[in-house]
Amino acid sequence: GVVQNLISLVAEFGFVPNGTRIYYVNRSQPPLLALMVLAVHDATRDDSLLAEALPELLREYEYWTGESIDGGPTTPNRHTVAVRGRSGAVHMLQRYYARTDAPRPESYREDVKLAAEVAPEARAVLLRHVASAAESGYDFGSRWFASPRKGLRSIRTTHILPSDLNAYLLAAEDAIATLARRRGDVMMRLRFADLASHRRAAMEDVFWDATVARWRDVVLPADVDGDVPVQRPTPFFHEQSRGPGAHTAGGFRTAPRNGEPVDVSQWSYAETHGAYEYVPLFCGAATAGGDVARAAVRALCASGLVQPGGVAVSTTGMPASSEPVTAQQWDWPNAWAPLQHMLSEGVRKYGDGSRVLLNGSSLDHTGVARYIARSFVRSCYLAWRSAGVMHEKMRADVPGDFGGGGEYTPQVGFGWTNGVCLELLKIHGGEALI
């Protein structure tokens with residue numbers, strides 16, 4: 001099935017490419033394969049899957065982190081940045097970083113037009129930021145912009161440590177530890193349990209902002225990669241993929257930070273506010289029923305993101321926001337299916353039972369989870385009743401209306417919307433949601 005296809009892609013390329021066309025091999029999909037394998041094994045208990053999947057999950061993990069699959073020394077890579085947390089501890093954390101600085105073939109015209117709006121010496125880095133945002137799946141939204149008003153011209157993806165990416169890797173570490181235990185591999189289980197323990201500490205030490213009770217994206221200093229113009233910038237219309245070990249970018253020379261961590265005084269939190277900042281709850285970054293989980297659920301309910309048609313992806317462009325409407329598909333007012341699943345399940349599994357006010361109703365954590373699920377499923381149902389199709393994204397503020405924005409015509413079908421609706425109906429019961 002799909003999971004075995006993705007495993008075969010890791011066997012071929014070392015990661016899951018952003019798509020199954022050759023020009024996508026310079027960037028990955030977010031690292032969710034380990035969670036998929038765990039879900040399939042939970043359902044089937046097919047131990048042959050473990051034998052097939054575990055070696056490839058280790059390869060994908062090495063691609064993202066540089067951690068040697070055989071326990072050898074860590075290999076530096078462009079996804080990984082050393083950051084000193086508030087406690088003084090140094091953490092190896094990950095970001096999105098596409099191995100290209102050329103226009104994306106699938107959006108060539110759009111990228112050439114965008115690059116023409118900046119100085120020639122800035123084009124290579126700009127296009128790397130664009131492709132790296134595509135690697136995240138959030139292409140595009142204000143979380144990557146230095147200025148929502150300037151939009152894509154201010155994109156800075158590789159200068160951001162995303163809290164949800166690092167939460168996905170935490171969930172992957174936990175999943176691999178579980179799969180290794182089921183396989184009977186004690187050393188692998190202990191190794192990945194230790195990696196998860198360290199990352200869980202990093203999630204609190206770096207990403208968790210107790211003043212607002214959410215895991216915020218971290219903005220790195222602009223010179224994090226040592227990007228400096230070379231004397232003769234090369235055109236940005238050139239070969240895309242140079243392989244994982246390459247350090248040369250068209251028009252730029254990229255140099256690592258000589259192993260020095262980004263100090264706590266050098267990083268800051270992104271100003272944007274989005275549903276992705278609560279995804280770490282789903283990934284196990286907080287103890288179930290604990291103070292952090294309780295605070296995160298309350299903050300989500302008070303955020304304005306939870307709307308009658310689901311959870312909006314960000315507050316940027318919300319009527320009460322000071323930021324403008326960006327017309328990007330990963331901003332207000334769109335509600336995307338994967339976020340509805342992750343947030344409703346995060347609240348359901350990790351909330352503590354205390355009651356919280358959500359849009360005028362007093363609910364416990366299971367009620368909040370059901371509210372999110374019902375809002376989105378009912379919106380999709382209304383749209384299907386009206387037009388006979390399911391949509392890739394919905395409007396959070398208008399139940400039954402589909403979302404828009406972005407580079408392409410909104411799509412119908414639609415795989416993840418169908419899957420999320422079916423899963424939420426299974427969890428909460430059809431009659432309760434429709």
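# Exercises on a predicted model

Tyr138 sits in the loop between H5 and S3. The model used in these exercises is a predicted one.

## Exercise 1. The setting of Tyr138

Task: determine whether Tyr138 is buried or exposed, and list what Tyr138 touches beyond residues up to four places away in sequence.

Solution.
Step 1. The relative accessibility of Tyr138 is 7%. Buried means under 20%, so Tyr138 counts as buried.
Step 2. With residues up to four places away in sequence left out, Tyr138 touches Ala133, Arg143, Trp144, Asp164, Tyr276, Val313, Trp330 and Leu339.
Step 3. For a distance across the model, take Ala396: its C-alpha atom and that of Tyr138 are separated by 17 Å, and the two residues are 258 residues apart along the chain.

## Exercise 2. Aromatic pairs

Task: find how many aromatic pairs there are, and classify the pair of Tyr138 and Tyr276.

Solution.
Step 1. The count comes to 14 aromatic pairs.
Step 2. For Tyr138 and Tyr276, the ring centres are 5.7 Å apart and the planes stand at 85°. Planes over 60 degrees apart count as edge-to-face, and this pair is edge-to-face.
Step 3. The pair links distant parts of the chain, 138 residues apart. Tyr276 is in the loop between strand S10 (268-269) and helix H8 (279-282), and both Tyr138 and Tyr276 are buried.
Step 4. A further pair is Trp267 with Tyr269: the centres are 5.6 Å apart and the planes are at 70°, so this pair too is edge-to-face. Both of its residues, Trp267 and Tyr269, are buried.
Step 5. Tyr138 and Tyr276 also belong to one aromatic cluster, together with Trp330, Trp336, Phe414 and Trp416.

Task: state where Arg143 lies relative to Tyr138 and to Tyr276.

Solution.
Step 1. Arg143 lies over the face of Tyr138, 4.7 Å from the ring centre.
Step 2. Arg143 also lies over the face of Tyr276, and here the distance to the ring centre is 3.9 Å.

## Exercise 3. Cysteines

Task: find how many disulfides the whole structure holds, and give the nearest cysteine sulfur for Cys283 and for Cys421.

Solution.
Step 1. A disulfide is a covalent bond between the sulfur atoms of two cysteines. A search of the whole structure finds zero of them.
Step 2. For Cys283, which is in no disulfide, the nearest cysteine sulfur belongs to Cys301 and is 19 Å away. Cys283 has 5% relative accessibility and counts as buried.
Step 3. For Cys421, the nearest cysteine sulfur is that of Cys380, 3.8 Å away. The cut-off for a disulfide is 2.5 Å, and Cys421 is in no disulfide. At 6% relative accessibility, Cys421 counts as buried.

## Exercise 4. Unusual backbone geometry

Task: identify which peptide bonds ending at Phe140 and at Pro333 are cis or trans, and give the phi of Ala213 and Ala327.

Solution.
Step 1. Most residues other than glycine have a negative phi, and most peptide bonds are trans.
Step 2. The bond from Asp139 to Phe140 is cis, with omega near 5°. Phe140 is in the loop between H5 and S3.
Step 3. The bond from Trp332 to Pro333 is cis, with omega near 5°. Pro333 is in the loop between S12 and S13.
Step 4. Ala213 is not a glycine, but has a positive phi of about 60°. Its place is the loop between strand S4 (208-209) and strand S5 (214-215), and with a relative accessible area of 8% Ala213 is buried.
Step 5. Ala327 has a phi near 65°, also a positive value. Ala327 lies in the loop between S12 and S13 and is exposed, with a relative accessible area of 53%.

## Exercise 5. Helix H7

Task: compare the span of H7 with the expected one, and name contacts made by Asp185 and His198.

Solution.
Step 1. H7 has 22 residues and reaches 31 Å from first to last C-alpha, close to the expected 32 Å.
Step 2. At the start of H7, a side-chain oxygen of Asp185 comes to within 3.4 Å of the backbone nitrogen of Met187.
Step 3. His198 is part of H7, residues 186-207. The His198 side chain reaches the backbone oxygen of Asp194 at 2.9 Å.
Step 4. Buried residues of H7 include Phe192, Leu195, Ala196 and Arg199.

Methods. Residues are numbered from 1 along each chain as its sequence is written. This is a predicted model: local features need pLDDT of at least 70, side-chain atom pairs count only at pLDDT 80 or more; totals for chains, interfaces and linings use all residues. Side-chain values use heavy atoms; hydrogens and water are left out. Helices (H or I, at least four residues) and strands (E, at least two) are DSSP runs, numbered from the N terminus. A polar contact is a pair of N or O atoms within 3.5 Å; within protein, one must be able to donate a hydrogen and the other to accept it, and residues adjacent in sequence count only if both atoms are side-chain atoms. The expected span of a helix is 1.5 Å times one less than its number of residues. Buried means under 20% relative accessible area, exposed over 50%, partly exposed in between (1.4 Å probe, protein chains only). Rings of Phe, Tyr and Trp (its six-membered ring) pair if their centres lie within 6.5 Å; planes under 30 degrees apart count as stacked, over 60 as edge-to-face and the rest as tilted. A charge sits over a ring if NZ of Lys or CZ of Arg is within 6 Å of the ring centre and within 35 degrees of the ring normal. Contact means heavy atoms within 4.5 Å.
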